[in-house]
Amino acid sequence: MKAARAKTPRRPALKKPSPPGPKDPVGVYCRVRPLSRPDQECCIEVISENTVQIHPPDGYRIFRNGEYRETQYSFKEVFGTLVAQKELFDVVAKPLVEDLIRGKNGLLFTYGVTGSGKTHTMTGSPGDGGLLPRCLDMIFNSIGPFQAKRFVFKLDDKNGVDVQCEVDALLERQKRDAMPVPKTPSGKRQIDPEFADMINVQDHCKVEEVDEDNVYSVFVSYIEIYNNYIYDLLEETPFELIKPKWNNCNTPVRNGDFIPPQSKILREDQNHNMYVTGCTEVEVKSTEEAFEVFWKGQKKRRIANTQLNRESSRSHGVFMIKLAQAPLDADGDNVLQEKEQITLSQLSLVDLAGSERTNRTKAEGNRLREAGNINQSLMTLRTCIEVLRENQMYGTNKMVPYRDSKLTHLFKNYFDGEGKVRMIVCVNPKAEDYEESLQVMRFAEMTQEVEVARPVDRPLCGLTPGRRFRNQAFREELARKLEIRGGPINGETEEQSASEIFLQNFPPLPSCELLDINDDQTLPKLTEVLEQRHKLRQKLSEEFAKNVLTFKTVLRELDSSVTSKENYIQGKLSEKEKIITGQKTELERLEKKIKTLEYKIEILEKTATIYEEDKRNLQQELESKSQKLQRQASDKRRLEARLQGMVAETTMKWEKECERRVAAKQLEMQNKLWVKDEKLKQLKAIVTEPKNEKPERPSRERDREKPIQRSVSPPPVPGDVFKTRGGGQAVQFTEIETLKQESPTGRKRRSSPSNADPPEDAADSEWTDVETRCSVAVEMRAGSALGPGYQHHAQPKRRKP
């Protein structure tokens, strides 16, 4: 057999150069909801703070031929059934809110099967608010004192934001106040008791180190993706919870007075971010106002009663929080009107509809179609994650199918590096959801391997930090000093003239009216008052001159101090600039070095991957050859054992055959020796027998009467008996009989006297007769020795007389 040729390992393609900057993996967390009944069978267990274990239920093991396999899945963190909403928020959502206020985007979505607690995790329940109200509360706790007035920021229809001047913002506010439509609630309005317990968060969580020199405004919007169409849940149009009729073009049709909501279109802005055109975005100023807007849209969201969940979400809900911020001017009073200084960040909170199997939900008609679209969109999300993972791990450049679903198309920019992505996997530990939970776990495990580029920090505006509070402190100090001096406060100084302020410091003039010629008091009093005023004026003039000199001195000192400080600051700035320039050079050098090292690391990783693949293939080849050698050694041992058995059997057989042949040969030689001995004895007897001159002719009667002497033959040698393979026996005869017959020389007939021979002929005849007799006797004795059957054949035929 020829050894199978090992295939050459496929070398991975060159990896596409990754965008600059570090990357972070998608943060995947797991939350296990409690069982609805204590007698339910549980198939998921939390074994550590990062690991869960899922095992098949009993019925599943029986159905699967008794197989029992426990599988463990690891997450960034696992939250058990007793974990509170606050703990979940602090770990998962709080960092996203901090990034939002620092100008970075974030995406948080809940994923799981129907009835696993996704909506509860996102929205919460009365008395226990979820992630969404806690995010809103943290945002407004952080930016509360720094919020801009309403309509200072204005969103455009291209996913951008503008800053309006104070006059335009004031006109917008007056226009809004004059509108008869109900306004969004303010912080002083009474909260709707339906959701008051959800937003009554007592934690007062807020972001530390908020930029106090910026002003902020919050905008919220709420959409749903239903049957792969996008609908605005905050749109002020007639809306019914009944699903509209659809024509063959998959567009809603008008039916009498009922106007179904129009689906929205996705577009891409100048920064390649996706947004929903024509979507209602409401500016909110408090947690209560924002959550009331959300609750208004939540009532319009499509839910239905299924076999698995009494209130099952039939659409994907997306609540988007946009935070616009811009720096104040140098005085710290007004917002900068430069559009380049505006930062718009977004936090998207997504409550995905649950995946479900129609054979369990018993869905029909509209519910069946809804379930199909939900599963299709989730399958597209899974496909996008798989392609992203393959591109990053194997260096391929496959196109990610974002456009196959509105859900993935909307959040394409997040996976392309425009924000941080986090996912909460909600699971129900009951045994009935085992197979669905297994699929969810596999998807979550794969999602953790996808890396998203870390968003960059926004640039600084370049103005002096702390200008807002510095100007406020200056105004407060000025008002305090004016109040101490008894002067006007809150701008009253500007309404009085300098002469009025000056005259207030003189004593009042007495009455100058002379009613009597003999009045000698009015003029002296007037003179006294005028002298007092003159003295006071001189004092004021001297004090004013002194103050002027003092002020001039102070100004000179201040000027010199400012000049020296400016020089000092300039020197420090030049030193800092040199240091910064040196640090920038060092950073560039280090960045180049980092890029070089990353390139080397990438090459080493590729080389290590290739070597590992070669090592794996060589190990497989070595194992196959080792197995082959083991098989050959086993075959060799079996063949040796078989040959040893055959050799032993053949050796035994030939030993028996040799013994048999040796015995036969010995018997043959003994017989030959015996025959020779008998011949010698007979010959000796013939030679020693006295010779008769006239041999008598044996008569037939005498021959008949005379018994034939037979020699004693040796005892017959028995044959060899062998055992056959079949279990029987076989006999091989080893006795050898030699039969020989010769015709004796015929006697001469007696001739008539007329035909008588001469004497020589008679002598020859006599000799011949003796030789014949001897030969006949020898043969007869040999025949009698060989066997009784030989005697008959050895007797010579007699001639007829």
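# Exercises on a predicted model

Val 161 touches Phe 153, Lys 154, Leu 155, Asp 156, Ala 324, Lys 339, Ile 342 and Leu 344, leaving aside residues up to four places away in sequence. The model behind these exercises is predicted.

## Exercise 1. Place Val 161

Find the element that holds Val 161. Then decide whether Val 161 is buried or exposed. Last, find how far Val 161 lies from Ile 342 in sequence and in space.

**Solution.**
- Step 1. Val 161 sits in strand β11.
- Step 2. The relative accessible area of Val 161 is 5%. Buried means under 20%, so Val 161 is buried.
- Step 3. One of the residues that Val 161 touches is Ile 342. In sequence, the two are 181 residues apart. In space, C-alpha to C-alpha, they are 7.6 Å apart.
- Step 4. Set this pair beside the whole protein. Take contacts between residues at least 6 apart in sequence: 73% of them join residues at least 24 apart.

## Exercise 2. Two positive phi values

What are the phi values of Asn 159 and Glu 209? Locate each residue, and classify each by accessibility.

**Solution.**
- Step 1. Asn 159 has phi near 65°, a positive value in a residue other than glycine. Glu 209 has phi near 60°, again positive in a residue other than glycine.
- Step 2. Asn 159 is in the loop between β10 (153-155) and β11 (161-163). Glu 209 is in the loop between α6 (196-199) and β12 (214-226).
- Step 3. Relative accessibility is 17% for Asn 159, so Asn 159 counts as buried. For Glu 209 the value is 76%, so Glu 209 counts as exposed.

## Exercise 3. Arg 173 and its contacts

Which helix holds Arg 173, and which residues does Arg 173 touch? Classify Arg 173 as buried or exposed.

**Solution.**
- Step 1. Arg 173 belongs to helix α5 (residues 166-178).
- Step 2. Its relative accessibility is 16%. The cut-off for buried is under 20%, so Arg 173 counts as buried.
- Step 3. Not counting residues up to four places away in sequence, Arg 173 touches Lys 149, Arg 150, Phe 151 and Glu 166.

## Exercise 4. α4 against α7

Describe how α4 and α7 pack: approach, angle, handedness and residue classes.

**Solution.**
- Step 1. Helix α4 covers residues 131-143 and helix α7 residues 287-298. Their axes come within 9 Å.
- Step 2. The axes cross at roughly 150°. Angles over 145 degrees count as roughly antiparallel, so α4 and α7 are roughly antiparallel to each other.
- Step 3. The crossing is right-handed.
- Step 4. From α4 come Leu 132, Pro 133, Leu 136, Asp 137 and Phe 140. They meet Thr 287, Ala 290, Phe 291 and Phe 294 of α7.
- Step 5. By class, this contact has seven nonpolar residues, one polar and one charged.

## Exercise 5. α2 against α4

Repeat the analysis for α2 and α4.

**Solution.**
- Step 1. The axes of helix α2 (residues 85-101) and α4 come within 9 Å and cross at roughly 50°.
- Step 2. That angle makes α2 oblique to α4.
- Step 3. α2 passes α4 in a right-handed crossing.
- Step 4. Residues of α2 in the contact include Leu 88, Phe 89, Val 97 and Ile 101. Those of α4 include Leu 131, Cys 135, Met 138 and Ile 139.
- Step 5. The contact of α2 with α4 divides into eleven nonpolar, two polar and four charged residues.

Definitions and conventions: Residues are numbered from 1 along each chain as its sequence is written. This is a predicted model: local features need pLDDT of at least 70, side-chain atom pairs count only at pLDDT 80 or more; totals for chains, interfaces and linings use all residues. Side-chain values use heavy atoms; hydrogens and water are left out. Axes are lines fitted to C-alpha atoms, for helices over the stretch in contact, and angles run from 0 to 180 degrees between N-to-C directions. Helices (H or I, at least four residues) and strands (E, at least two) are DSSP runs, numbered from the N terminus. Angles under 35 degrees count as roughly parallel, over 145 as roughly antiparallel, 65 to 115 as roughly perpendicular and the rest as oblique. A crossing is left-handed if the near helix is turned anticlockwise from the far one by less than a right angle, and right-handed if clockwise. Contact means heavy atoms within 4.5 Å. Ala, Val, Leu, Ile, Met, Phe, Trp, Tyr, Cys and Pro count as nonpolar, Asp, Glu, Lys and Arg as charged, and the others, Gly among them, as polar. Buried means under 20% relative accessible area, exposed over 50%, partly exposed in between (1.4 Å probe, protein chains only).
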